[in-house]
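Visitor: I have a structure open and I'd like to learn how to read its features one by one. Could you walk me through some?
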Amino acid sequence: MKRKSVSALAALMLFASLTGPAFGQNGAGAAAGSGKAGKPENQGGSKPVFTNVSVHDPSIVKDGDTYYVFGSHIEAAKSKDLQNWTRFTNGYTTPGNALYGDLSKNLAEPFAWAGENDSDSKGGFAVWAPEVFWNENYINADGSKGAYMLYYCTSSTYIRSAIGFAVSQNIEGPYTDAGTLVYSGFTRNDAKDKDSQVNKKWTNTNIQKLIEGGTLSGANEHWFNPDGSYANGTYPNAIDPNLFRDKDGKLWMSYGSWSGGIFVLEIDEKTGKAMYPGKDGKTADGRLVDRYFGTKIAGGFGKSGEGPYVIYDKETGYYYLYMTYGWLGADGGYNMRVFRSKNPDGSYVDAGGQSAVLPGDTDNALYGNKLMGNYLFQRDIGDPGTGIGVGYVSPGHNSVMIDEKTGKRFLVFHTRFPNMGEAHELRVHQIFTNADGWPVVAPYRYTGESLEKVDRQELIGEYKFINHGKETNPAIERAKYIKLEKNNTVSGDATGTWKKTGHNAAELTIGGKTYTGVFVGEWDPVSERRVMTFTATSSEGVAVWGSKLEEQTDKQIIQAVYQDLNLGDTSKVVSDLALPAEGTRHTAISWESSDPSVVSSKGEVHRPEEGSAVSAVLTATIARGKEKLTKRFDVTVLPYVKAELSARYGFDGNLSEEAGRFEAGAVSGDRIDKTGGSITFAEGKNGQAARFDGKSGIRLPKGLIASNTYSVSLWVKPEELTTYTPTFFGAKDSEHWVSLVPRGPVKDNTMVWSGSASWYDGPAGMTVPAGEWTHLAFSVDRGTLTLYVNGVQKFKGTNFPDIFGGGDAVFSLGVNWWDAPFKGLIDDLRIYDGALTPAQAGELPKM
């Protein structure tokens with residue numbers, strides 16, 4: 001699998017690797033001490049301010065007093081404090097690209113192999129994961145010394161990629177391309193990928209010139225499978241370059257992704273070019289050394305692992321290899337790992353002594369210290385603050401910085417968030433080193449905190465507790481509750497012992513496993529106060545975090561739960577109610593209903609098919625210890641009201657609207673705002689249907705939907721299923737839209753997908769087949785989304801965004817502004833005022 005942005009749509013929101021200890025024009029990046037860095041305050045403290053940006057695969061570097069992050073899709077930002085970031089790039093704009101000037105012309109050499117209007121990058125570009133640093137010894141074309149160097153990668157498939165570098169005298173560019181170093185995905189003989197004119201034969205890479213120049217003796221036959229294809233189970237995908245210096249000042253590049261794993265090559269600092277080994281071999285511990293690709297330091301066998309980042313820490317004497325497992329999407333379980341070595345080219349091992357190079361075709365989740373995965377410090381009922389809490393989904397592709405001036409270490413990465421789909425942002429967390437020399441990551445984002453001496457007394461109390469485990473999966477680890485007792489035991493959802501072993505050193509033994517790390521005061525963004533936290537890791541490479549709760553009595557806790565318990569507007573209920581069974585710190589909540597035929601004690605709502613609204617009372621009993629309170633909720637359930645047909649497009653040889661209320665549809669090109677397409681008609685489900693050729697769409701009139709209570713119904717027969725491709729699409733603007741997709745980003749499900757302040761996924765739990773007619777319908781009823789497939793309810797959820805209220809939205813069939821157009825048939829589009837009743841939804845496929 002190739003690491004790439006989740007979709008062209010996600011790329012619109014995208015706005016890879018601070019150098020090692022000797023990097024930075026002004027010496028930034030020198031190795032740090034353990035640092036003095038905030039005494040924990042359990043209350044008070046000024047609220048930090050953040051300005052967030054979206055930079056995917058961020059690589060951090062410090063230049064003077066300014067921090068820079070450079071990322072995929074030619075996005076970058078800068079900051080003075082690691083909290084407030086400003087974007088200074090313009091994405092793939094060309095000519096006039098902020099980093100590359102005339103992008104196509106400047107990167108012509110790597111683009112001849114991959115990354116521009118080719119295969120997976122058809123219709124656009126794929127320039128990813130750069131590394132930027134100042135190299136005082138680089139010799140420029142005019143003979144002068146010193147340049148900012150940008151190492152980047154371009155890619156067109158999961159294996160056909162290239163790594164090159166460019167130089168500039170200004171860190172913000174523009175950069176001039178200086179050569180391509182490593183190619184991957186080549187074949188023994190002539191071959192081409194789908195939607196590509198590139199001949200993949202190995203002689204079309206730089207390998208032929210290296211042979212002619214005497215650097216290589218010839219091609220390595222092991223690069224190819226028996227059928228002549230690229231042996232990507234052993235050799236790398238040439239992406240994600242990371243540059244670092246060893247303790248003697250030599251320059252190295254780690255790179256690679258999935259497939260054959262991560263490799264390292266020495267780089268000539270004067271020329272910026274790779275110093276290829278020239279011959280094949282093995283390291284003393286049996287790892288592969290390839291004449292062209294260099295030395296393997298991690299991964300292999302097609303297992304996940306990408307975004308390598310190596311940094312030398314002078315204080316510990318180790319080189320640390322960071323990398324990310326899993327898939328970057330919100331459902332991909334992306335998670336960060338770390339290994340270490342005494343040598344720049346390995347071997348790198350985890351806390352258990354296991355090599356980063358896999359021993360065979362095995363689950364790699366067991367290898368590497370896991371730093372962070374999906375988690376949520378959820379805000380339970382009765383907790384201070386608002387919202388669902390704070391947590392990350394698929395955090396990864398990090399870089400690391402050791403700040404010479406402050407002595408602090410930082411983990412810099414991109415992440416998605418719970419309940420926000422594929423929207424992502426940059427995050428910076430501080431790193432600390434435990435007693436065994438292993439990195440442990442602060443639970444909360446950086447706000448200027450430092451390590452200081454802590455008093456044992458202030459550590460005692462209740463904590464929210466996260467155990468990151470070792471798995472790679474999409475599940476979100478929710479916080480549990482534990483208590484660090486006065487007698488140094490741990491009680492609650494996990495049990496064991498704890499102790500403070502130094503000024504701020506932490507040691508916890510939980511479930512028979514010992515975790516070492518630090519106690520540090522941090523800013524909790526949910527409670528908006530300074531709290532005590534701990535972060536630690538075990539010899540199995542499992543990270544645990546704790547965040548201390550305010551000390552409260554049982555009476556105070558149930559009062560807080562009572563005040564916070566809220567079912568929303570219960571005066572106009574149209575869907576089941578979520579009745580919580582528990583509040584903060586395991587406070588019990590039980591429910592009784594005055595009339596289960598209206599609403600049950602489980603929150604099941606029974607709407608009348610017609611007639612008048614019905615009412616009942618739900619009573620919550622809140623209990624903790626000997627304390628108890630009750631709270632009453634009056635519930636009014638509205639009857640079903642049949643949705644009224646407001647528009648119908650039958651596509652019987654034309655694009656007219658049959659009810660006569662709206663204008664006819666208009667043919668578009670392959671995007672909603674383009675012309676030049678062609679729509680024909682063929683035998684449909686009912687009469688004729690509109691045929692979409694994969695290059696065209698239909699623009700529908702504005703004002704088709706102008707409220708937050710509506711329904712959409714249509715028949716669809718896809719000729720092929722492509723991810724993100726819409727059938728029905730509507731948008732207020734490029735950041736507020738609704739799309740009905742046969743194959744969406746959640747496990748390829750057919751789904752209603754929406755982008756707004758947060759992204760919304762409404763998956764059907766299945767995928768409609770290609771080559772067959774399927775009826776799809778969805779209703780939005782004041783925030784409640786219901787999706788039907790062939791008249792059967794497949795999804796129902798609340799908090800769906802109001803996209804069309806107020807009117808002035810644009811609508812289309814088969815196209816949007818970003819993704820591959822629909823190819824196949826669409827028939828009998830119906831738009832309704834109001835939400836379909838279950839009976840209506842069940843009848844539509846029969847009509």
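Visitor: Let's start with serine 196. Which backbone atom does the side chain of serine 196 reach?

Guide: Keep in mind that this is a predicted model. For a polar contact, look for a pair of N or O atoms within 3.5 Å. Here the side chain of serine 196 reaches the backbone nitrogen of valine 198, at 3.1 Å.

Visitor: Where does serine 196 sit, between which elements?

Guide: In the loop between β8 (176-184) and α4 (207-212). Once you set aside neighbours within four places in sequence, serine 196 is in contact with Asp118, Ser119 and Arg160.

Visitor: Is serine 196 buried or exposed?

Guide: Compare the relative accessibility with the cut-off: buried means under 20%. Serine 196 has 7%, so it counts as buried.

Visitor: Now asparagine 364. Which backbone oxygen does its side chain reach?

Guide: The side chain of asparagine 364 reaches the backbone oxygen of serine 304, at 2.6 Å. Asparagine 364 and serine 304 are 60 residues apart in sequence, and their C-alpha atoms are 7.7 Å apart in space. Beyond its neighbours within four places in sequence, asparagine 364 is in contact with Lys303, Ser304, Tyr325 and Leu358.

Visitor: Where is asparagine 364 found, and is it buried or exposed?

Guide: Asparagine 364 is found in the loop between β18 (335-341) and β19 (369-372). With a relative accessible area of 7%, asparagine 364 is buried.

Visitor: On to helices. Which residues of α5 are buried?

Guide: With a helix, list the buried residues, then check how they spread around the axis. In α5 (residues 554-564), the buried ones are Ile557, Ile558, Ala560 and Val561. These residues lie on the same side of α5 because they cover an arc of only 155 degrees around the axis.

Visitor: And which exposed residues does the face turned away from the buried side carry?

Guide: That face of α5 carries Lys555 and Gln563, which are exposed. As for the buried residues of α5, what covers them includes β34 (582-583), β35 (587-593), β36 (614-624) and β37 (627-637).

Visitor: Next, backbone geometry. Which residues does a cis peptide bond join?

Guide: Omega is the angle to read here. A cis peptide bond joins threonine 94 and proline 95, with omega about -5 degrees, and proline 95 lies in the loop between β4 (86-87) and α2 (103-106). The peptide bond from glycine 173 to proline 174 is also cis, with omega near 5 degrees. Proline 174 has its place in the loop between β7 (161-168) and β8.

Visitor: And phi? What is the phi of serine 259, and of serine 394?

Guide: Look at the sign, then at the residue type. Serine 259 has a positive phi of about 40 degrees although it is not a glycine. Serine 394 is not a glycine either, and has a positive phi of about 55 degrees.

Visitor: Where are those two serines?

Guide: Serine 259 is found in the loop between β10 (251-256) and β11 (262-267), whereas serine 394 lies in strand β21. Serine 259 is buried, with a relative accessible area of 3%, and serine 394 counts as buried at 0%.

Visitor: Let's finish with empty space. What volume does the largest cavity have?

Guide: Read the volume, then the lining. The largest cavity has a volume of about 80 Å³. Strands β16 (306-313), β17 (318-325), β21 (389-402) and β23 (424-433) each supply at least two residues of its lining. By class, that lining has seven nonpolar, two polar and two charged residues.

Visitor: How many charged residues are in the lining of the second largest cavity?

Guide: None: the lining of the second largest cavity has eight nonpolar, two polar and no charged residues. About 50 Å³ of space lies in it, and β5 gives the most to its lining, with three residues.

Visitor: How many residues line the second largest pocket?

Guide: The second largest pocket is lined by 48 residues, and Ile388, Asn419, Tyr760, Thr798 and Asn799 lie nearest its centre. Its lining divides into 23 nonpolar, 13 polar and 12 charged residues. The space in the second largest pocket is about 1,700 Å³.

Terms used
Residues are numbered from 1 along each chain as its sequence is written. This is a predicted model: local features need pLDDT of at least 70, side-chain atom pairs count only at pLDDT 80 or more; totals for chains, interfaces and linings use all residues. Side-chain values use heavy atoms; hydrogens and water are left out. Helices (H or I, at least four residues) and strands (E, at least two) are DSSP runs, numbered from the N terminus. Buried means under 20% relative accessible area, exposed over 50%, partly exposed in between (1.4 Å probe, protein chains only). A polar contact is a pair of N or O atoms within 3.5 Å; within protein, one must be able to donate a hydrogen and the other to accept it, and residues adjacent in sequence count only if both atoms are side-chain atoms. Contact means heavy atoms within 4.5 Å. On a 1 Å grid over the protein atoms alone, a cavity is a set of points where a 1.4 Å probe fits but cannot get out, and a pocket is an open set with protein on both sides within 12 Å along at least five of seven lines; lining residues have an atom within 4 Å of a point. Grid points are joined across faces, edges and corners, and a volume is the space filled by probe spheres set on the points. Ala, Val, Leu, Ile, Met, Phe, Trp, Tyr, Cys and Pro count as nonpolar, Asp, Glu, Lys and Arg as charged, and the others, Gly among them, as polar. The arc is that of the directions from the helix axis to the C-beta atoms.
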